[in-house]
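Q: I'm new to this structure and would like a close look at one part of it. Could you walk me through how the chains meet?

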4 protein chains.
Amino acid sequence: MRVPASSGFPHPSYLQAVLKPNFDHSVRHFFRPLIEINRAHAIMLARCGIIPKSHGARILAALKQISTQENQLASYRYRGAEEDLFFHVERRLEALCGSRVAGHLSVARSRNDIDITLYRMVLRKELLGLAQQVSLLQSLLLELSKRHLKTLFPVVTHTQLAQPTTLAHYLMAAVEFLERDLNRLASAFQTVNRCPLGACVATTTGFPIDRALLSKLLGFSAVMENAYGCIASVDYLIESVGAASTLMINLGRFIQDLLGWSSQDSQLISLAEGFVQCSSIMPQKRNPVALEHLRVLASCGLGQCQAVALGLHNTPFGDVVDAEDDIQPVVRNAFDYASRVVDLLTQVLKSMVVDRERALALCRSNGITLTELADVLVRDRRLPFRMAHRVVSRVALGLRQQPSRRKGEPRSDAVSALTARYSREVAGETIRIPPQQLSRVLDPAQFVSVRKIVGGPAPATVRSSIRRHLKANANRRRWLEAQQLALGRYPENLASLDCLASKSAP
Amino acid sequence: MRVPASSGFPHPSYLQAVLKPNFDHSVRHFFRPLIEINRAHAIMLARCGIIPKSHGARILAALKQISTQENQLASYRYRGAEEDLFFHVERRLEALCGSRVAGHLSVARSRNDIDITLYRMVLRKELLGLAQQVSLLQSLLLELSKRHLKTLFPVVTHTQLAQPTTLAHYLMAAVEFLERDLNRLASAFQTVNRCPLGACVATTTGFPIDRALLSKLLGFSAVMENAYGCIASVDYLIESVGAASTLMINLGRFIQDLLGWSSQDSQLISLAEGFVQCSSIMPQKRNPVALEHLRVLASCGLGQCQAVALGLHNTPFGDVVDAEDDIQPVVRNAFDYASRVVDLLTQVLKSMVVDRERALALCRSNGITLTELADVLVRDRRLPFRMAHRVVSRVALGLRQQPSRRKGEPRSDAVSALTARYSREVAGETIRIPPQQLSRVLDPAQFVSVRKIVGGPAPATVRSSIRRHLKANANRRRWLEAQQLALGRYPENLASLDCLASKSAP
Amino acid sequence: MRVPASSGFPHPSYLQAVLKPNFDHSVRHFFRPLIEINRAHAIMLARCGIIPKSHGARILAALKQISTQENQLASYRYRGAEEDLFFHVERRLEALCGSRVAGHLSVARSRNDIDITLYRMVLRKELLGLAQQVSLLQSLLLELSKRHLKTLFPVVTHTQLAQPTTLAHYLMAAVEFLERDLNRLASAFQTVNRCPLGACVATTTGFPIDRALLSKLLGFSAVMENAYGCIASVDYLIESVGAASTLMINLGRFIQDLLGWSSQDSQLISLAEGFVQCSSIMPQKRNPVALEHLRVLASCGLGQCQAVALGLHNTPFGDVVDAEDDIQPVVRNAFDYASRVVDLLTQVLKSMVVDRERALALCRSNGITLTELADVLVRDRRLPFRMAHRVVSRVALGLRQQPSRRKGEPRSDAVSALTARYSREVAGETIRIPPQQLSRVLDPAQFVSVRKIVGGPAPATVRSSIRRHLKANANRRRWLEAQQLALGRYPENLASLDCLASKSAP
Amino acid sequence: MRVPASSGFPHPSYLQAVLKPNFDHSVRHFFRPLIEINRAHAIMLARCGIIPKSHGARILAALKQISTQENQLASYRYRGAEEDLFFHVERRLEALCGSRVAGHLSVARSRNDIDITLYRMVLRKELLGLAQQVSLLQSLLLELSKRHLKTLFPVVTHTQLAQPTTLAHYLMAAVEFLERDLNRLASAFQTVNRCPLGACVATTTGFPIDRALLSKLLGFSAVMENAYGCIASVDYLIESVGAASTLMINLGRFIQDLLGWSSQDSQLISLAEGFVQCSSIMPQKRNPVALEHLRVLASCGLGQCQAVALGLHNTPFGDVVDAEDDIQPVVRNAFDYASRVVDLLTQVLKSMVVDRERALALCRSNGITLTELADVLVRDRRLPFRMAHRVVSRVALGLRQQPSRRKGEPRSDAVSALTARYSREVAGETIRIPPQQLSRVLDPAQFVSVRKIVGGPAPATVRSSIRRHLKANANRRRWLEAQQLALGRYPENLASLDCLASKSAP
């Protein structure tokens with residue numbers, strides 16, 4: 001028992017800097033899981049014959065009563081009477097069923113394994129919740145991809161227009177990284193969802209407790225084995241914030257693109273009114289501020305994740321509980337930011353409007369389909385690619401020097417003439433391609449439609465990719481829902497159990 | 001005015017993810033400074049003849065009334081009726097003095113310069129508050145140094161006992177780094193304490209406003225010049241969290257030592273009861289947990305500082321206001337953690353008990369004064385140091401091979417014999433030092449007292465250093481109090497002013 | 001072709017700041033994979049009928065010749081004649097087989113997909129190499145666990161002795177986290193080991209290339225699908241450095257413990273001579289510096305990992321190639337540090353000596369087995385645990401107040417008397433436990449042996465855990481070797497292939 | 001002496017992972033300063049009468065000889081014969097003047113104070129060099145500001161055109177942040193430029209050494225006092241990388257703007273040919289890659305700075321030397337990246353071309369000067385600003401709904417009509433402003449020229465700001481040159497001194 005070592009405990013500064021913030025955090029996040037842990041422990045002890053079944057029953061009854069007092073607790077003003085929520089609940093328990101009975105619950109456990117179990121119970125829900133949000137975002141992107149299968153859209157590299165593709169092709173790249181993000185979140189969930197209860201201080205106990213039963217009662221997938229590792233390992237946390245970090249970086253880069261597209265220079269997309277603010281002084285402005293906030297929120301999420309790592313770095317490989325008390329709010333922050341980002345981004349995407357005409361105009365400008373001309377010279381005229389590239393480079397230069405055309409669509413007759421001229425100069429043979437053929441070659445829709453190999457933007461190719469990913473998305477969501485169901489079901493189950501059955505039969 | 005662009009504003013997700021958290025944060029931290037900015041602006045506009053003095057007076061009267069409604073605001077449940085606190089206050093103002101009058105306050109300003117001014121007003125107080133705490137900590141360390149001028153204490157390098165020094169000497173090293181931390185915090189304060197108000201959107205205004213008056217009224221040290229820089233620069237923030245980071249790292253390392261000293265292996269210090277917790281399962285334990293929490297809190301503070309930098313990195317050099325809205329809570333966190341760390345550490349140090357006997361025993365063990373023997377061989381027997389070192393190395397090895405003495409004080413007769421033997425082997429001459437002289441040579445108090453050059457641990461040397469630092473500390477505290485006074489005085493002053501004086505005469 | 005846009009290219013500052021460092025890095029790391037990519041591309045183009053088989057053959061012959069010139073390249077002094085290694089090799093190729101032939105190799109590819117393929121080829125080897133090192137470290141820890149199955153060792157929590165366990169139990173906690181680290185490294189490897197070649201700029205190509213063949217020829221496990229994602233995604237990198245980060249944090253905490261154990265206060269382990277340095281001025285010291293270096297190297301590794309994330313954060317979701325050029329050396333650093341840490345730690349552990357007597361003495365000191373007495377009061381005397389805990393707390397306090405015993409083993413007769421006294425005071429009944437029984441209860445070996453439930457330290461329990469992990473370790477190593485073999489085999493295979501077979505049959 | 005503890009030292013892994021990289025780094029960076037430290041120490045010892053002057057002279061002669069062997073050392077293949085460069089030089093010294101004489105140099109010093117002095121000597125040069133580069137960049141920006149005093153340029157906030165300003169006004173914002181960066185670098189330089197030599201292990205020495213003389217001889221500004229602090233403090237390093245971090249973030253944001261301006265959507269600037277690369281596959285592209293590299297290099301610099309902080313966090317407040325050995329290369333990296341960024345950015349800016357017409361066109365588009373109309377309604381027609389703002393908001397909306405005008409300059413007659421209409425609707429009075437007056441009101445040049453209060457963009461205002469900053473820049477450069485001179489002069493001075501003078505007279 002971490003009872004005050006004397007009446008001098010706690011020092012007001014310690015109360016203020018440590019105990020109170022941690023108590024308040026516990027009340028908000030750990031009350032229910034703590035009750036559940038108490039229930040599971042009581043049931044297990046009684047069924048294993050370690051405490052009398054009657055005692056177990058009285059403890060369970062008292063816990064039921066306490067579990068209804070959550071609101072009351074929320075308004076409780078912590079002043080250090082007990083060290084933490086754990087002792088606060090223990091005291092209530094003693095008040096309800098007497099210290100002789102209540103005292104039996106303390107056997108074969110410790111604050112160490114209880115706390116780390118609490119942390120994992122909250123974190124697994126956060127991971128699962130985030131994964132479900134991500135899965136919804138992915139499903140929205142698949143929806144949008146279906147809608148924009150043929151929406152021509154410019155690829156920009158190095159801030160310059162590069163080639164046409166389709167918006168669907170771009171969005172499917174995001175679908176694919178979200179697929180990997182979901183893998184990482186699911187892995188983290190599986191790492192987290194192991195039950196350390198029964199590790200006690202770090203060495204388990206001499207009492208014949210049933211750790212598998214505890215794990216089952218609390219909805220974990222399995223017992224986490226080595227007891228020292230149970231209370232000392234932090235990689236469950238690093239892996240979790242690592243998965244969230246990667247997601248934040250992935251989404252942050254996607255948001256960066258959306259910001260560019262909604263800029264006044266670009267104007268490829270516009271946000272729905274619900275995400276746009278006007279200026280307090282400039283009447284003409286329409287600011288897509290939701291995207292800026294998204295960028296910063298993603299950064300904040302990443303920052304909180306890194307803060308978790310920082311706080312665990314260069315600490316001993318020992319009991320993490322006390323140290324982690326102070327880190328838990330940072331973990332909450334990290335997942336709270338992540339969740340805000342995914343939700344807000346989903347809503348922004350759902351309602352944004354794409355300016356297809358503007359996108360098409362860009363796909364027709366600046367000769368961004370000229371790569372295809374080089375390919376034609378290779379395919380039809382048998383030039384080595386590097387030579388074809390040189391011819392087309394000159395053609396591009398020639399077009400740039402006709403200022404009136406600078407940003408317009410390269411007129412096919414000009415291109416035809418330039419091709420003839422530079423093929424002669426570079427390759428030694430005059431290649432004539434009729435303007436008519438050229439306008440097909442330089443058509444961005446054509447550009448896209450010939451790119452039909454695996455991973456290419458041709459609508460049929462992307463469609464089949466969408467189909468596969470829809471299936472994967474549906475499977476994932478079924479899996480996530482199954483986990484969610486399991487996490488939703490065990491508390492009810494636990495609340496309904498008594499101490500009568502024998503060991504290992506919950 | 002960032003009015004909703006349509007009735008669709010704000011989208012519930014945007015409200016939830018952005019507007020509401022930011023409104024709540026603003027209510028907690030920005031209400032008073034916002035009222036002050038409004039007051040200063042009204043006074044300045046009226047005195048400069050930009051708005052009628054009578055309008056100014058009515059606005060001031062209304063602001064006085066609003067300023068009393070802070071509590072009412074704290075319980076206000078934000079639902080997106082106005083975009084943010086700024087408009088919330090504007091609406092109250094309109095209700096009190098009519099939109100015809102209230103509307104005059106909006107001239108020659110923008111949300112951009114108002115927000116960045118708010119950020120700086122809050123941050124300068126946090127910096128000043130932290131600096132004052134650090135100054136108190138420094139003053140406590142000076143006090144402790146005076147008390148421990150002769151408390152022998154072991155220097156540990158590479159986890160091994162190295163040499164004796166005094167506890168005062170060690171603590172004065174901390175006094176010196178805190179001196180530099182105070183320099184950094186004071187520099188950051190001066191960077192922050194510049195007034196950007198009047199920059200408006202980014203280009204000031206065509207109205208003949210008086211920026212110097214605004215700055216003076218709001219207690220700033222000077223106007224921040226370039227208007228674009230006013231709303232786009234973030235280095236005031238990076239420098240501030242940088243100063244806090246360095247403090248956290250400095251203190252974190254100091255805390256790491258305290259942790260080691262309070263470990264059961266070491267037992268050089270013990271904490272007061274108010275900072276010690278007992279185990280919930282191991283009755284024999286007495287855990288100096290406050291130190292572990294301090295370590296993590298310092299890490300959390302550092303983590304928040306780095307998160308601020310992360311959120312600003314790779315963003316455009318433009319209006320930082322919207323982005324910073326979301327970063328402000330992270331800044332608050334950073335300084336809140338820092339403040340908790342400094343306060344708690346001060347209290348822990350104030351009440352901790354040093355085990356002088358244990359420290360002395362360590363200073364006598366393991367031959368950690370043997371360096372001095374080498375020095376004697378050089379000084380009195382004219383051996384080159386490297387050779388003297390070799391002799392003493394063998395002596396040390398010889399002592400280690402006498403297991404019974406392994407951890408005890410090297411008996412001077414053994415050392416004497418070994419010196420004679422190895423000086424012959426290494427240096428070719430048998431050097432005899434009588435045990436009596438040797439026990440003086442190997443006495444840790446003697447070791448310390450001969451080290452009296454500048455920066456050394458000899459009590460007289462340290463005493464004179466303490467004297468100088470006490471003076472510096474007193475000067476610093478006077479300076480800090482003067483700043484504090486200035487920040488305390490301007491709001492009253494502002495509340496008492498009217499619009500009648502002419503320009504530039506507050 | 002990124003040819004210089006004019007004779008003004010490159011500017012000397014650009015050469016110095018960007019091109020030269022990147023060229024030098026490419027020569028060191030990318031030469032061989034670049035040759036392999038060229039080979040695979042030539043074979044694929046020829047087999048798919050996109051270029052004449054005879055051209056393919058001549059290109060392959062030239063590549064064979066170039067591949068022998070690695071040394072020559074190492075001494076090449078880059079001065080900006082070509083933009084990068086890619087063009088340097090292309091120029092050599094042109095010199096060897098003429099630009100008409102060589103120019104054919106440029107079809108259906110781009111610097112974008114080539115570079116990202118290079119990055120993945122190098123990174124997958126680094127991941128695999130690191131995983132193999134980790135697997136060896138894990139296997140060493142299993143070996144040590146077998147050896148220390150019964151080596152009693154103190155658990156320390158909050159810097160205080162807590163309970164006895166065995167060294168094997170502690171080490172198995174590390175075995176378990178390494179198991180999870182290996183999972184993470186293997187996942188990262190599988191994310192990385194996908195082939196982006198054929199994505200070209202971002203949209204694949206209109207030529208009927210065979211991406212599956214390219215993937216197979218270059219030893220990848222599969223094609224990475226979406227072409228835009230191929231060149232824009234960075235999560236393969238974030239996941240990889242994330243796995244390395246988690247490893248560094250895990251090992252850093254383990255190293256922190258080793259440092260504590262080798263400190264002079266603790267002296268539980270001592271390092272072999274090869275890892276210990278002596279002081280240049282303090283002859284008596286023996287510094288376990290390798291551990292300090294390990295701690296810093298792990299931090300440096302973690303720092304490099306975070307720098308990678310930082311460099312990718314808030315960048316557009318577009319072509320990562322140019323940006324990544326500059327990040328690649330940071331990735332190399334990260335894995336280089338990680339590899340140094342794992343190797344050095346393995347060697348340090350292999351040769352360190354454990355002071356079993358000292359460990360045993362600690363396990364007998366400070367009443368750290370008193371928890372067991374509380375358990376006995378519960379088990380045998382039917383006290384509620386909380387009450388038993390209170391009795392034993394008083395006993396512990398009583399023992400502490402007998403100064404002579406402060407650090408010694410609690411004499412069982414003293415404990416017996418105190419138990420009788422405090423059981424009466426606390427529980428109202430005098431419980432007498434004969435000293436003889438008490439000395440068994442308080443024996444640390446007994447303490448450990450009764451903790452035999454899953455995850456506990458009882459030798460039999462740990463032995464069976466070792467057995468399972470040995471099997472897992474062996475399976476893992478087989479898997480890693482299979483991957484290693486595959487990465488070793490494809491280059492030979494590639495070097496021996498010609499262009500004759502038809503599509504898809506390598 | 002950190003001599004190998006036995007013939008087993010060093011273990012090959014330790015050699016590989018620690019000693020060799022550190023030796024190689026020392027040879028590159030520490031050789032000269034180490035020779036200087038040896039010289040200064042010899043001179044000081046002799047002058048203080050601690051060693052015979054004749055010995056001092058022989059040591060100096062030998063050091064002169066060794067100092068010429070730098071090239072020879074560069075090709076030395078380290079194999080662990082000596083622990084590090086320090087002992088390598090000591091051994092050479094012994095070879096040249098015999099161990100009896102050479103051995104005298106080891107008195108009153110330690111590896112601890114020597115190493116930390118080396119670190120500071122190298123770091124102060126890096127800080128100074130970087131500050132000089134920044135000062136040059138600032139001076140270039142002042143030059144560009146003079147040139148662009150009247151170049152109208154759009155302010156963008158929230159990705160939308162906001163108001164016109166001048167390019168000079170924007171650039172002067174950067175001049176101001178660089179001024180603060182220079183302050184921070186100068187502060188860091190002053191923190192670093194203190195001499196820790198003479199601190200020895202951590203407690204100085206019993207010999208009457210003259211630390212002030214050492215400091216003077218080695219070009220430091222003063223002695224760093226507390227000896228424990230000398231070898232344990234790391235804030236000199238954190239402050240230094242903090243200053244570099246802030247610079248990197250400042251410049252990174254500036255670079256982000258440059259990237260946007262050079263994008264194809266924006267086209268406000270174009271880079272000189274020396275910084276532009278063409279695509280290997282897209283002939284039409286002209287990529288401003290230098291800017292992308294700059295962004296990443298700045299991130300890498302920031303990442304290295306953070307890695308330094310990470311490596312020092314949560315370490316004991318003790319001897320930093322061994323730990324820092326491994327951190328030194330990271331510090332080098334940090335300043336190397338920073339230096340590359342500042343140099344390359346300076347060159348890019350020097351040669352970039354601004355498209356004034358394009359900038360002007362943007363300043364005329366989208367009604368971005370409409371704010372001024374609101375001001376006129378306030379100034380001339382006495383409307384409250386908020387009401388004027390509402391009128392103008394409707395005007396802006398009205399203009400947007402005339403599609404043909406969407407991006408063009410608001411025709412003054414249309415604005416005139418709309419103003420009349422909406423002033424009636426909103427303010428209840430029809431305000432007529434003649435189109436002629438309106439075209440002046442809406443002229444961006446007029447917009448800028450009326451903003452002449454302090455910090456505004458009016459050319460005269462900016463000109464006077466430039467003048468003041470030119471003076472400050474010149475003063476700064478004089479100060480930097482004076483420091484540079486001092487750092488350049490002491491080595492020659494040192495090389496020319498002998499041991500004859502008496503104490504304290506160099």
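A: Between chain B and chain D, 52 residue pairs are in polar contact, counting pairs with both residues at pLDDT 80 or more. That cut-off is there because this is a predicted model, so read everything below as computed from a prediction.

Let's stay with chains B and D for a bit. Each side brings plenty to the contact: 98 residues come from chain B and 98 residues from chain D. Put together, the two chains bury about 8600 Å², and carbon and sulfur atoms account for 56% of it. If you want somewhere to start looking on the chain B side, try B:Arg253, B:Phe317 and B:Arg386, which supply 10% of the area that chain B buries against chain D, more than any other three residues.

B:Arg386 also turns up among the charged pairs. Its partner in a salt bridge is D:Glu90, with the closest N and O atoms 2.8 Å apart. Across this interface there are 12 salt bridges in total.

How do the two chains sit relative to each other? Turn chain B by 180°, with 0.0 Å of shift along the axis, and it superposes on chain D with an RMSD of 0.1 Å. To find the axis from chain B, look for B:Gly242: its C-alpha is the nearest one in that chain, 3.0 Å away. The two copies also use the same surface, since 100% of the contact residues of chain B recur in chain D.

Now over to chains C and A. Here the contact takes 98 residues from chain C and 98 residues from chain A. The buried area is about 8600 Å², with 56% of it from carbon and sulfur atoms. On the chain C side, C:Arg253, C:Phe317 and C:Arg386 lose the most area to chain A, together 10% of what that side buries.

The polar side of this interface can be counted too: 52 residue pairs are in polar contact, with both residues at pLDDT 80 or more, and there are 12 salt bridges. One of the salt bridges to look up joins A:Glu90 and C:Arg386, at 2.8 Å from N to O.

As for the arrangement, chain C can be laid on chain A by a turn of 180° and a shift of 0.0 Å along the axis, giving an RMSD of 0.1 Å. That is how a two-fold axis relates two copies. In chain C, the C-alpha nearest this axis belongs to C:Gly242, at 3.0 Å. Of the interface residues of chain C, 100% are interface residues in chain A as well, so the copies meet through the same surface.

While you're on chain A, have a look at A:Glu292, which lies in helix 10, residues 289-312. This residue is buried, yet it has no salt bridge. The nearest side chain of opposite charge is that of A:Arg295, 4.5 Å away, whereas a salt bridge needs the nitrogen within 4 Å of the carboxyl oxygen. Leaving aside residues up to four places away in sequence, A:Glu292 touches A:Leu259 and D:His158.

A last stop on chain A is A:Gly367, found in the loop between helix 12 (356-364) and helix 13 (370-381). A:Gly367 counts as buried because its relative accessibility is 5%, and the cut-off is under 20%. Its C-alpha is 13 Å from that of A:Thr419, which is 52 residues away along the chain.

How values were computed
Residues are numbered from 1 along each chain as its sequence is written. Chains are lettered from A and ligands numbered from 1 in the order in which they are written. This is a predicted model: local features need pLDDT of at least 70, side-chain atom pairs count only at pLDDT 80 or more; totals for chains, interfaces and linings use all residues. Side-chain values use heavy atoms; hydrogens and water are left out. Copies are superposed by least squares on the C-alpha atoms of residues with pLDDT of at least 70 in both. Contact means heavy atoms within 4.5 Å. Helices (H or I, at least four residues) and strands (E, at least two) are DSSP runs, numbered from the N terminus. Buried means under 20% relative accessible area, exposed over 50%, partly exposed in between (1.4 Å probe, protein chains only). Lys and Arg count as positive and Asp and Glu as negative; His and the chain ends are not counted. Buried area is the accessible area (1.4 Å probe) that two parts lose on being put together, summed over both. A polar contact is a pair of N or O atoms within 3.5 Å; within protein, one must be able to donate a hydrogen and the other to accept it, and residues adjacent in sequence count only if both atoms are side-chain atoms.
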